[in-house]
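Thanks for coming. I have a short walk through one structure today, so please bring it up on your screens.

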Amino acid sequence: MILWLERPNKFNVPTVFKMSMKDQDKTNTLILELLKDMKEATTTELIKEAESLGINECSDRIPAALAELNFQGLITKIISREKKAIIWTLPENKN
Amino acid sequence: MGLDVNKVRTDFPALHQLKDGKPIIYADSACMALKPQQVIDALVAYYTEYTACAGRSPHAFSLKTTRLYDDARKDLARFINAKNPAEIVWVRNTTEALNLGSHCLSLEENGKGTIITTSESHNSNLVKWVRLHNLGKIELKIMEMPLTGMFNLEEFTEIVEKCEEGNFLASLNHTSNVTAAHIPETEIAQIVHERDGILQLDAAQSFPHRPIDVQKMEVDLFAASMHKACGPTGMGFLYGRYDLLEKTEPLILGGETVSDVHYPHDIKLLSPPTKFEAGLQNYAGAIASGATVEYLASVGMDKIQSHEKLLSRTMINNLRETLGNKIHILGPENPEQRAALAAIDLKGQINPHEVAILMDEMKNIFLRSGFHCTHAFHHEKHLDVGTLRPSWYLYNTVEEVNIFVETLQEIFDIMA
């Protein structure tokens, strides 16, 4: 997917550049979309769901994306003894 | 006297940091090794003191770059006991080196040659061959490896005997990044050479960890990265026997690869290694690669190897003692036959990625989880959620290994 973006750079000079959306960005977006639909999910469930949707990405990158999204505060996690897994959710879905 | 790990640790600034007030336990060296100050200094010196091209301009900066660039190649050649520094080709990484090495097969001249590899191969030593096979350009033979990682010489001999004499390349993992097993390279070289084949080793996991003598091993091609050996990222090398490199087509052509060009069709390629190093090079990276091998040599590769055996023994024995049958450690049973890494199958009880995330949070233990670029091997062995892989190096301590084992036990107690 090719996007044309116009945005100011750090010198406040408007720059137009061609940017292809990176796969990692797509993975992050997909995780957020999946969590919106699923409300909550384990890492295994998210990987399976992403694979079933035909994501063209190495599954090893999904946990790294989860850790990054968690770091950014876009998703949260709890440890579930019942599921023996980490449960990921969107902050607004918590409780 | 053994390796003084506390002294070694003072060389690595990354280990002096605290995260959440606690020290870092770096256990991901099979992916990326930390850098000693000596290597960082070499990189910074190039950019701050004498940034220039090698071999092109007549000024002092350029002369210094040329001298240090050449010295780095000579240092590396001595480090692996190559006959001639011209047998060292700088590349970006092991992957590029292996791709270049496969050109020794001269596919188009000799017809359809065969590449032999094993099922535990890293994608760097597999994907290109599968692609060439799918395009009908080579025959591909993949020798299945067991979970123990033990190399079957008889089976390999049978495969070699079925190849056309003088028209095959065996491209094999020297040390596996999943089973941690080493292959018997000298015996393999004899089998390959008896039928006039070429032996290429993917040495990404061996070069950083043990003394290397390419002449003694009788290997034809030897590919490695610097970033796993405490060196800069984006740097690797291909060692190749000079007569083989002379016959080999470059991967990339352009400036610096030719002595002269005339229209319409005349190009005169330079000799190895220059004909393979097209365009402006990563001089800082190459010079820092020289500093890398100088650093490793100053510590002593024998000492590094012994220290890693101690770490490996500690990890394997403690894991067996504390977690027993709850886990399965891929690779040889005997810790003495292993590199200081372990791909651990958690038998579906916990997702290895979640363990890696929790290890980071609980104890600042940085390690890898998943397929480790050996998707095909994991799929073949039904390890479909991947494995957890701690990997240790010269700067790790026995205490750190113990903390890893205790933390894994703790996570099992919480979650499994």
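I will go through some aromatic pairs, then a helix crossing, then one loop residue. Please keep in mind that this is a predicted model.

Let me start with the rings. A pair of aromatic rings is described by the distance of the centres and the angle of the planes. Over all chains, the count comes to 12 aromatic pairs. One of them is Y69(B) with Y283(B): the ring centres are 5.2 Å apart and the planes stand at 80°, and since an angle over 60 degrees counts as edge-to-face, that is what this pair is. Where in the chain do Y69(B) and Y283(B) sit? Y69(B) belongs to helix α3 of chain B, residues 60–79, while Y283(B) belongs to helix α11 of chain B, residues 283–299. The two are 214 residues apart, so the pair links distant parts of the chain. Both Y69(B) and Y283(B) are buried. Y69(B) has a charged neighbour as well: the charged end of R73(B) sits over the Y69(B) ring, 5.5 Å from the ring centre.

Now the two helices themselves. The axes of α3(B) and α11(B) come within 8 Å of each other and cross at roughly 40°. How are α3(B) and α11(B) placed relative to each other? They are oblique, because an angle of roughly 40° is neither under 35 degrees nor in the range from 65 to 115. The crossing of α3(B) past α11(B) is left-handed. On the α3(B) side, the residues that meet α11(B) include T65(B), L68(B), A72(B) and F79(B), along with Y69(B). On the α11(B) side, among them are Y283(B), I287(B), G290(B) and V293(B).

Back to rings for a moment. Y393(B) and Y395(B) also make an edge-to-face pair, with 5.6 Å from centre to centre and 70° between the planes. Are these two buried or exposed? Y393(B) has a relative accessible area of 0%, so it is buried. Y395(B) is also at 0% and therefore counts as buried. Both belong to one aromatic cluster, together with F12(B), Y26(B) and Y295(B).

Last item: T257(B). This residue is found in the loop between α10 (242–247) and β11 (258–262) of chain B. T257(B) is buried, because its relative accessible area is 0%. What does T257(B) touch, leaving out residues up to four places away in sequence? The contacts are I252(B), K268(B), L269(B), L270(B), T274(B), K275(B), E277(B) and A278(B).

That is the end of my part.

Notes. Residues numbered from 1 in each chain as written. Chains lettered and ligands numbered in written order. Predicted model: local features only at pLDDT ≥ 70, side-chain atom pairs only at ≥ 80, totals over all residues. Heavy atoms only, no water. Phe/Tyr/Trp six-rings, centres within 6.5 Å; stacked < 30°, edge-to-face > 60°. Helix = DSSP H or I, 4+ residues; strand = E, 2+ residues; numbered from the N terminus. Buried < 20%, exposed > 50% of the residue type's maximum accessible area, 1.4 Å probe, protein only. Lys NZ or Arg CZ within 6 Å of the ring centre and 35° of its normal. Axes fitted to C-alpha atoms, helices over the stretch in contact; angles between N-to-C directions. Parallel < 35°, antiparallel > 145°, perpendicular 65-115°, else oblique. Left-handed = near helix turned anticlockwise from the far one by under 90°. Contact = heavy atoms within 4.5 Å.
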